[in-house]
Amino acid sequence: MIIASFIGLLYIAGFYLLLRRSLVRAAIGALLLGHAANLLIFVSGGLSAGAPIIREGEDSLISPYPDPLPQALVLTAIVIGLGVSAYLLALIHRTAEIAGGDDMDDLKEEE
Amino acid sequence: MKFRTSCYSLSGASAVLCIFAIWASMNLDAPYYLAFDWLPKVGLRISFRVDSFSLFFVTLICGIGSLVFFFCAGYLPGDKSRSRTLSILLLFTLSMLGLVLSDNVLLLFIFWEFTTITSFFLVGAKCEKKEAREAALQALLVTVAGGMALLVAILLLFMAAGTLELSSLEANRQLIQDSPLYPVILILIAAGAFTKSAQFPFHFWLPGAMTAPSPVSAFLHSATMVKAGIYLLARFHPILGETVLWHDLLIGIGAATMIVGASLALARTDIKALLAYTTVSALGMLTFLLGLGTTLAMKAALVFLLVHACYKAALFMVAGSIEKLAGTRDLDRLHSLGKMSPALWCAAALPALSMCGLPPMLGFIGKELIYEAKLIAPTIDELFLLIGFTANALTVTAALLAAVKPFIPRTMDSPPKRKLTLPLLAPPIILGIVSLACGLFPTWVGDNLLEPSFQALKGEPSQIKLKLWHGVNPVFILSVLTLVTGALIYWIHSYFARMVSVVERWSSPFAPERLYAQLVKRFVQFASLQTRLAQNGSLNFYLTVTLCFASLLLAAAFFSLPEKAVDLSLLIHLKTSLIILGAAAAAVLSIRAQSMLEAVLLLGVVGLGVTLFFVFYGAPDLALTQFLVELLLLVLIASIWSRLPAFRPDTPKREKRRDLFAACILGVFLSYFVLQAVFLNEHNAISEFYAQNAATEAFGRNVVNVILVDFRALDTMGEITVLAIAMMGIMSLLKTRKTKR
Amino acid sequence: MSPFLLRTSVKFIAPIQLALALYFLLRGHNEPGGGFIGGLAAASAVLLYGLSFGIQEVESKLPVSWFSFALFGLSLAVFSAFISVFVNQPFFTGIWGPELYAPLVGKLKLGTVLLFDIGVFCLVMGFGVGLGFTFFAKEAER
């Protein structure tokens, strides 16, 4: 329940910030959304303690074990998220350099 | 020189193919099939059927094609886009051959569309001119609309008969004609054929397409592409034909096209436009004959196909040569060309004789057969006979206008003689000689080319011998009358033309080309209106719409999913709850963050919370990755800290509240979704497989990493490629020079 | 923190960090770790070093640009995927070599999959360091 509301909260904050006119806020919103989505995928695999690592001498995972598939998906998602955030940073920087601000609606009018 | 060489070699190749087709047609006993599977699931096979009817068309295409390529060598040099035109012409020839040879209807459709597309480029060859582009677009839109109708018809046919092979469709004839879909299929197929073959009321694209270079007109708009519709109707005659609907539809449209085309032709002063309208009329005649569907009518249609291809292609080429010679195609300004180039007059006169239907040309035989077919047809009204007669007479006038008027002198001064190059003269003369030879030896042509193709089409011999001289009978008298009337109209043609243009002006609000223009205009208006509504350029607007829609979807899922027992006590330890609460608080605060520092710090807290979450729920790999990513991101942000824009006061309150509301709705739904997801925690089969086989097959005990680098390595590869691309993007963003506006 | 203290400590810490990164990479198949984590760790090590000693210092030690380094990683990964094609196996089939016993890491089985992981490592490391340095350079421009 707590986890669910936490993820929901992350989504709310993320979406709200994404809707701001300020590019920086929108970027932070995107990062929060990234967290939320990662957690959502992770949680959908079920929660359990332990690690998806096969013990020495065994042939397969011993139940109960955490689902390894969402973990693999989320791992790539995190790294991609890094790439996206770095790109956003560069973009914000460049926008500020050229247009001197980060208000998207202003940018639109300057087209 | 190189260009000419390629023209000559193409011409030679087509000529060889043409001769081969004639030879094959003479020696072919049964159809020859060739098939490969392509997409068996949708019934698409690459299947070809070579029978005599196809071969007849191959002969036409290759024969005319050979001469057209030859003509290109004289006409196209000096044109900037000549190589492009020639290669597209070759592509067109190939698709046309594919069209007449394919057995699978879907394959036929694909070739059909190929001819449409290539013809678009050919009509628009002089793309620097606005009217050429517009004409090309018009031809494309009209024929593509017909093509769509054809596609629907094909799908319906498949529903009705369960097969797409022409050969087996013929066997299922009864099944198709009894099906309730039959009228729809017939009308749609007819729509496809009518647009392609420029039947009324779709005829207007053909005269428009006269902006194409003359060789293209000679090829596409007389002998081949416009005949594709006729080919389609002829092919479907054994399948769909001989019903009342078929009969009425084709005869009605055919007759209307005949008379409209022939009368409009006389009001034109551009030779090519005049020829185009007579082509429309001739195509109407062919449709009419196919609509009659009697043995005699079908045979007459075949003969007329050959006749028309020969004379019309020749006259189009002559029009091109005239343009080269005199620099204009305007009939009012052309005169005395006969003195300038007697050879050209000869080249124009032979096909024109065939067009008028004078003995001993093949055109005479064709016209006799047509009249005979009309006279003895059981179900035909006198009205149609009259229409046919008028159209024929007007065609005679048009022939005289094209082949006599520009050549006779109107003033006394005699212009200097000019020589035309061989490629500009030879092809029309050859075609004229072919018409003459066929007229002199009709039996040979009839027995070796026309009769086999008739048999292939109808499955039975026609018992009709082609003869030049039938004796004096009603048919002959009609022929003579036609000629005399035609000549009389030529005498008074300027009055007639004025009359036609008056009628045309009076009816112009209802003209099909007007309707077409209106339709296109309205469509463009609608498109721009819709674009203005849907794409107003505000990111906020787009996102809000997307969010609302996502909420709707989730709400739908919310109410349709079965309720699950939710166990609230699951796995919540005190320390995890504390971490989560901390991170949640950070997330909430980040909404209200007023400075960059604040925002980044809060973001860090959230990231840390997520990391610890991973630690407690059995994902050490994730925790490590998340931690390092947070670290790196922090470094990156710190490194361009002073370059980031300052935080500024945000948007008005009302807007904020609206956005918050939208975000909240979606967030609540998503929370519920998560709750459902957590309790779905049976491991699925895929995870099970990975868990079982990681150690034994991939020799790794860290299942997550094994999935990453072995089981799903292709995904990982895609991902690292994305990273590399992102890196390239960032580098180019940051390393470009500062450009202040 | 004074630059001197920073530099001295970094001189010790960065190599250890790099070694740790390699360790993460190599043991990744059996314990938590792998190319991504190793790459990120290595990147942060180099970034730290670059922050304290200056970018030129680091860049002069490496003969190629970080961007090429990342691309090298990508090509290595692609190459490893194609190895199996040469021995008539489907694309991406793991080909395994002998098992080694490496000190500290434990049992280590050589194979194309390890090569793939090393490719990922190089790419992620090149990505992180390259970006960090580009950002630094931008900052230093002023």
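A salt bridge here is a side-chain nitrogen of Lys or Arg within 4 Å of a carboxyl oxygen of Asp or Glu. With that rule in hand, welcome to a set of close-up views of a predicted model.

**Figure 1. A salt bridge within one helix of chain B joins B:E134 and B:K130.** The side chains of these two residues approach to 2.9 Å, N to O. Both residues belong to helix α5 (residues 130-161) of chain B, where a spacing of 4 residues puts them about one turn of the helix apart. B:K130 is exposed, at a relative accessible area of 52%, while B:E134 is partly exposed, at 45%. Over all chains, the count comes to 14 salt bridges.

**Figure 2. B:E170 and B:R49 form a salt bridge between a helix and a strand of chain B.** The closest N and O atoms of this pair are 3.5 Å apart. B:E170 sits in helix α6 (residues 166-171) and B:R49 in strand β2 (residues 44-50), so the bridge ties together parts of chain B that are 121 residues apart in sequence. How do the two partners compare in accessibility, buried or partly exposed? B:R49 counts as buried, at 5% relative accessibility, whereas B:E170 is partly exposed, with a relative accessible area of 24%.

**Figure 3. A loop residue, B:E242, meets B:R173 in a salt bridge.** Here the closest N and O atoms are 3.9 Å apart. B:E242 lies in the loop between α11 (225-240) and α12 (244-266) of chain B, and B:R173 lies in helix α7 (residues 173-178) of that chain, so the pair ties together parts 69 residues apart in sequence. B:R173 counts as partly exposed, at 22% relative accessibility. Elsewhere in chain B, salt bridges that share partners connect B:R49, B:D51, B:D103, B:E170 and B:R235 into one network. Readers coming from Figure 2 will recognise B:R49 and B:E170 among the members of this network.

**Figure 4. An aromatic pair crosses between chain A and chain B.** The structure holds 17 aromatic pairs over all chains. In the one shown here, the ring centres of A:F42 and B:F613 are 6.1 Å apart and their planes stand at 75 degrees, so the pair is edge-to-face. A:F42 comes from helix α2 (residues 23-44) of chain A, and B:F613 comes from helix α26 (residues 596-616) of chain B. Both A:F42 and B:F613 are buried. For context on one of the two chains, chain A has 4 helices and 0 strands, and 64% of its 111 residues are buried. Chain A exposes about 3700 Å², of which carbon and sulfur atoms supply 61%. Of the contacts in chain A between residues at least 6 apart in sequence, 55% join residues at least 24 apart.

**Figure 5. C:W66 and C:F69 pair edge-to-face inside chain C.** Centre to centre, the two rings are 5.5 Å apart, with 75 degrees between the planes. Both residues lie in helix α4 (residues 66-86) of chain C, and their spacing of 3 residues is about one turn of the helix. C:W66 and C:F69 are both buried.

**Figure 6. Rings and charges meet in chain B.** The charged end of B:R82 sits over the ring of B:F3, 5.3 Å from the ring centre. In a second example, B:K324 lies over the face of B:Y75, at 4.8 Å from the ring centre. Chain B also has a cluster of rings, in which ring pairs link B:F53, B:F56, B:F57 and B:Y231.

**Figure 7. A nonpolar patch lies on the surface of chain B.** Which residues form this patch? They are B:M26, B:L440, B:F441 and B:W444, with about 460 Å² of accessible area together. B:W444 belongs to helix α20 (residues 442-458) of chain B. This tryptophan, B:W444, is exposed, with a relative accessible area of 52%.

**Figure 8. C:F24 has contacts in chain C and in chain B.** C:F24 is found in helix α1 (residues 3-27) of chain C and counts as buried, at 12% relative accessibility. Leaving out residues up to four places away in sequence, C:F24 touches B:L624 from chain B, along with C:P32, C:G33, C:G34, C:I37, C:G38 and C:A41. One of these partners, C:A41, is 17 residues from C:F24 in sequence, and the two lie 8.6 Å apart in space, C-alpha to C-alpha.

Definitions and conventions:
Residues numbered from 1 in each chain as written. Chains lettered and ligands numbered in written order. Predicted model: local features only at pLDDT ≥ 70, side-chain atom pairs only at ≥ 80, totals over all residues. Heavy atoms only, no water. Phe/Tyr/Trp six-rings, centres within 6.5 Å; stacked < 30°, edge-to-face > 60°. Buried < 20%, exposed > 50% of the residue type's maximum accessible area, 1.4 Å probe, protein only. Lys NZ or Arg CZ within 6 Å of the ring centre and 35° of its normal. Patch = residues over 30% accessible without salt bridge, like charges linked within 9 Å, V, L, I, M, F, W, Y side chains within 5 Å. Areas by Shrake-Rupley, 256 points an atom, 1.4 Å probe, with all protein chains shown as cover. Contact = heavy atoms within 4.5 Å.
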